[in-house]
Every structure is written in C-alpha cells, then in structure tokens.
Amino acid sequence: MSFTPCVFTGFFRVNTYFVYVIWNANHQRYYIGQTENVGERVRQHKDPQNTFSRYTKRFSGSWELIHKEGFETRRDALAREKALKSGQGRQWLKDSVLSR
C-alpha cells in the first residue's frame with residue numbers, strides 16, 4: 001500500500017488502487033495496467049507460468065516497473081489507465097516516463 005498526504009487535513013489516506021507501467025528493454029515495449037497489488041501483479045507478469053498476462057508473455061526478457069500512480073477508487077484508476085492508453089497519454093509516457 002502507498003500513503004499519500006492529504007493536502008486539506010494533513011492526515012494520510014491509503015491508496016488502494018494503482019495504475020502501473022512496466023517496461024521490457026529487450027523489445028522496447030511497455031504495458032499499462034491497474035491493480036490493487038502492484039508487487040504481486042508485476043510478479044505475475046514476470047512469471048512464465050502465469051496466464052493472467054498474455055500480452056507480456058509474447059515478449060521474452062524481463063518486465064520492470066517504471067511508473068505507478070495511486071488512487072483511492074478503482075473508478076479513478078480505470079479512468080487514468082484509459083487516459084494513459086490514449087494518444088495524449090502515450091505521448092506523456094514517452095516524454096515524461098520513458099525518456100528518463
């Protein structure tokens with residue numbers, strides 16, 4: 001879980017949903033997804049026996065977590081995932097995340 005400071009109250013709120021981006025350097029490919037448990041989900045992408053992640057299994061080599069964002073609701077996470085998969089979102093990824 002990730003904790004984000006709440007600007008208005010100073011208390012911490014728990015982010016329970018995440019949008020993540022993983023990168024395969026061998027094939028210069030990235031994958032965008034959302035989950036409640038980033039560590040477990042990335043492990044599934046890396047596990048050749050796991051069948052939950054068909055797209056990433058098509059490319060040999062390791063997938064590494066390069067970006068994640070936390071959200072309070074699944075709805076918000078799904079909206080951000082959809083935005084990142086749009087043309088503008090892909091461009092933002094290239095300019096802000098993949099260029100590092």
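## Thr-56, a buried residue

Thr-56 is buried, with a relative accessible area of 1%. In this predicted model, Thr-56 belongs to helix H2, which covers residues 54-57. The burial call follows because buried means under 20% relative accessible area.

Which residues does Thr-56 contact, leaving aside neighbours within four places in sequence? They are Ile-22, Tyr-31, His-45 and Trp-63. With His-45 there is also a polar contact, side chain to side chain, at 3.1 Å.

## The chain as a whole

The protein chain has four helices and five strands. Along the sequence they follow the pattern β-β-β-β-α-α-β-α-α. So four strands come before H1 and H2, then a strand, then H3 and H4.

Of the 100 residues in the protein chain, 32% are buried. The chain exposes about 6700 Å². Carbon and sulfur atoms supply 52% of that area. Take the contacts between residues at least 6 apart in sequence: 52% of them join residues at least 24 apart.

## Gln-44 in helix H1

Helix H1 spans residues 38-46 and includes Gln-44. Is Gln-44 buried or exposed? Its relative accessibility is 13%, so Gln-44 counts as buried.

Gln-44 touches four residues once those up to four places away in sequence are set aside. These are Asn-50, Phe-52, Ser-53 and Lys-57.

## The two faces of helix H3

Helix H3 runs over residues 74-84, and Ala-77, Glu-81 and Leu-84 are buried in it. Seen down the H3 axis, these buried residues fall within an arc of 65°, so they line one face of the helix. A general rule fits here: an α-helix has 3.6 residues a turn, so residues three or four places apart point the same way.

What does the buried side of H3 pack against? Its buried residues meet three strands, E3 (17-24), E4 (29-35) and E5 (64-71), and also helix H4 (87-97). The face turned away from the buried side carries the exposed residues Arg-75 and Lys-82.

## Glu-81 up close

Glu-81 lies in helix H3. At 12% relative accessibility, it counts as buried.

Glu-81 and Gln-34 are 47 residues apart in sequence. In space, their C-alpha atoms are 6.7 Å apart. Glu-81 touches Gln-34, and also Val-19, Ile-32 and Gly-33, not counting residues up to four places away in sequence.

## Where H3 meets H4

How are H3 and H4 placed relative to each other? Their axes are 5 Å apart and the packing angle is about 80°. The two helices are therefore roughly perpendicular; that label covers angles from 65 to 115 degrees.

Both helices supply residues to the contact. From H3 come Arg-80, Ala-83 and Leu-84. From H4 come Gly-89, Arg-90, Trp-92 and Leu-93. Leu-84 is also one of the buried residues of H3.

## Gln-28 in a loop

Gln-28 sits in the loop between E3 and E4. Its relative accessibility is 54%, so Gln-28 counts as exposed.

The backbone of Gln-28 deserves a look. Most residues other than glycine have a negative phi. Gln-28 is not a glycine, yet it has a positive phi of about 55°.

Terms used: Residues are numbered from 1 along each chain as its sequence is written. This is a predicted model: local features need pLDDT of at least 70, side-chain atom pairs count only at pLDDT 80 or more; totals for chains, interfaces and linings use all residues. Side-chain values use heavy atoms; hydrogens and water are left out. Buried means under 20% relative accessible area, exposed over 50%, partly exposed in between (1.4 Å probe, protein chains only). Contact means heavy atoms within 4.5 Å. Accessible areas come from the Shrake-Rupley method with a 1.4 Å probe; for residues, only the protein chains shown count as cover. The arc is that of the directions from the helix axis to the C-beta atoms. A polar contact is a pair of N or O atoms within 3.5 Å; within protein, one must be able to donate a hydrogen and the other to accept it, and residues adjacent in sequence count only if both atoms are side-chain atoms. Axes are lines fitted to C-alpha atoms, for helices over the stretch in contact, and angles run from 0 to 180 degrees between N-to-C directions. Angles under 35 degrees count as roughly parallel, over 145 as roughly antiparallel, 65 to 115 as roughly perpendicular and the rest as oblique.
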